[in-house]
Amino acid sequence: MRGACKTVLALALLIAAGDRAAASPTMAFGYLANESNDPDYEYLETIFPNSFANSIKNIFDVTVVKPAQINQRLEKYKTELSRSYRTYEVPEIMEKINTDFFIYGKFVPQPGNNILIVLNLYQRGSNMIFTFSNTGRMESEIFRLVDRITQILISLLDADELYKTEPVAARSRLAVITNLEGAELNALYAELAKGGFSISSVQGNTLYNHVDENMIEKFKYVYSENNSYDIITDRRKVQFLHGPWSGERYQAKVEEYKKIYMRYDMNYPETKKEILDTMSKTFNGSIDYLLIAGFAKNRGSAWVRCISMKNQNLMWMQSNISGWNVSSIGELITKSMSAVMKVPFEDRK
């Protein structure tokens, strides 16, 4: 299984490395910040990233840079690795670290000797951060937890950018948002229906769809409490200029822009929750999952995002689903929905 992972990822990682393709891709591992108030757990801030680095290096040819090595690279800038970063600070630190990927996060001890680990994955130059979480036992399953998270990282780095916390249960009720319309939308619905899923008429089967190829791209980016694929925005660069020179009309515009910014950026998690709550109430709780599918203009490929309406978390993400028409891609989406992600290193004792 390890050999297969190595083969699958070799090309993807070389492509990600861009003009450095002749050398091994580099992955830097920052600290995992201790989010508890218990200093007895602080030793794990370094233990965890070092364990992830070793686990990944054992699977395929990649150069890993551990926290101590990052600090060596940062010495010439008279700075050191922080325990945590705001998302807009990550591209800046990446320029100093000079690696292809940067992985950092936090952990929170949980009741019952469990531990919650939240990791952030950033690829240099992408302006995107993927965040995911995983829970395991502190003692008996710590190596399995490291292996499980390593497998998640591997799947994310693959060409499919696959992430899934659980399969979509059979006979689930789906609300579908897509850039298809008319016969093509019906073709997608037909494949989902063949798979045993019920469809709520969020878009119906209208002859005209206001969600086109450009608009659907905005749905690619999903923020949820534990799992997110989100754009990095730098709030320091947002300015609402005004002064004695600004008239009433200008000031009204500034206030309007502030409200938009606060609602859809600063307070986006609350806005998203409000929208999903409204959707759930509108359909009387009859939706289990919100499935978003973006199809290429030539209908030769698609990507999906799936949000559980139960906890409002991103639970499935997949890119580059290829086929020859909507029906063939719809069939692949339907099969992927019920598929279970493999448990990594099942032969490990």
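# Reading the terms in this model

Trainee: What makes S3 and strand S4 (residues 114–123) a pair?

Mentor: S3 and S4 run antiparallel and share 10 bridges. Two strands pair if DSSP finds at least two bridges between them, so S3 and S4 qualify. One bridge joins Gly 105 to Leu 119 in S4. The two strands form a hairpin with three residues between them. In that turn, Gly 112 has a positive phi of about 75°.

Trainee: What kind of model is this, and which limits apply?

Mentor: It is a predicted model: local features need pLDDT of at least 70, side-chain atom pairs count only at pLDDT 80 or more, and totals for chains, interfaces and linings use all residues. Numbering starts from 1 along each chain as its sequence is written, and side-chain values use heavy atoms, without hydrogens and water.

Trainee: Why is strand S3 (residues 101–110) called largely enclosed?

Mentor: Count its buried residues. Buried means under 20% relative accessible area; exposed means over 50%; partly exposed lies in between (1.4 Å probe, protein chains only). Seven of the 10 residues of S3 are buried, so the rest of the structure largely encloses it. S3 also pairs with strand S1 (residues 26–34), in the parallel sense, over six bridges. There, Ala 33 stands opposite Lys 106 in S3.

Trainee: Arg 171 and Arg 299: which is buried and which is exposed?

Mentor: Arg 171 has 68% relative accessibility, so it counts as exposed. Arg 299 has a relative accessible area of 13%, so it is buried. Neither is a glycine, yet phi is positive in each: about 65° at Arg 171 and about 60° at Arg 299. Arg 171 lies in the loop between S6 and S7. Arg 299 lies in the loop between S10 and S11.

Trainee: How many helices and strands does the chain have, and what counts as one?

Mentor: The protein chain has 10 helices and 12 strands. They are DSSP runs, numbered from the N terminus: H or I over at least four residues for a helix, E over at least two for a strand.

Trainee: What makes S6 and S8 edge strands?

Mentor: Six strands form an open, mixed sheet in the order S6-S12-S11-S10-S7-S8. Strand S6 (163–164) and strand S8 (198–200) each pair on one side only, and these are the edges. Within the sheet, S10 (residues 289–295) and S11 (residues 301–308) run antiparallel, joined by seven bridges. Ile 292 has Arg 305 in S11 as its bridge partner.

Trainee: How do you know what span to expect for helix H10?

Mentor: Take 1.5 Å times one less than the number of residues. H10 has 13 residues, which gives an expected 18 Å. From first to last C-alpha it reaches 19 Å, close to that value.

Trainee: What covers the buried residues of H10?

Mentor: The cover includes S6, S7, H6, S10, S11 and S12. Among the buried residues are Val 326, Ile 329, Ile 333 and Met 337.

Trainee: How do H6 and H10 pack?

Mentor: Two packed helices are described by the angle between their axes and the distance between the axes. For helix H6 (residues 182–194) and H10, the angle is about 35° and the axes are 8 Å apart. Contact means heavy atoms within 4.5 Å. Among the residues in contact are Ala 187 and Leu 188 of H6, with Gly 330 and Thr 334 of H10.

Notes:
Axes fitted to C-alpha atoms, helices over the stretch in contact; angles between N-to-C directions.
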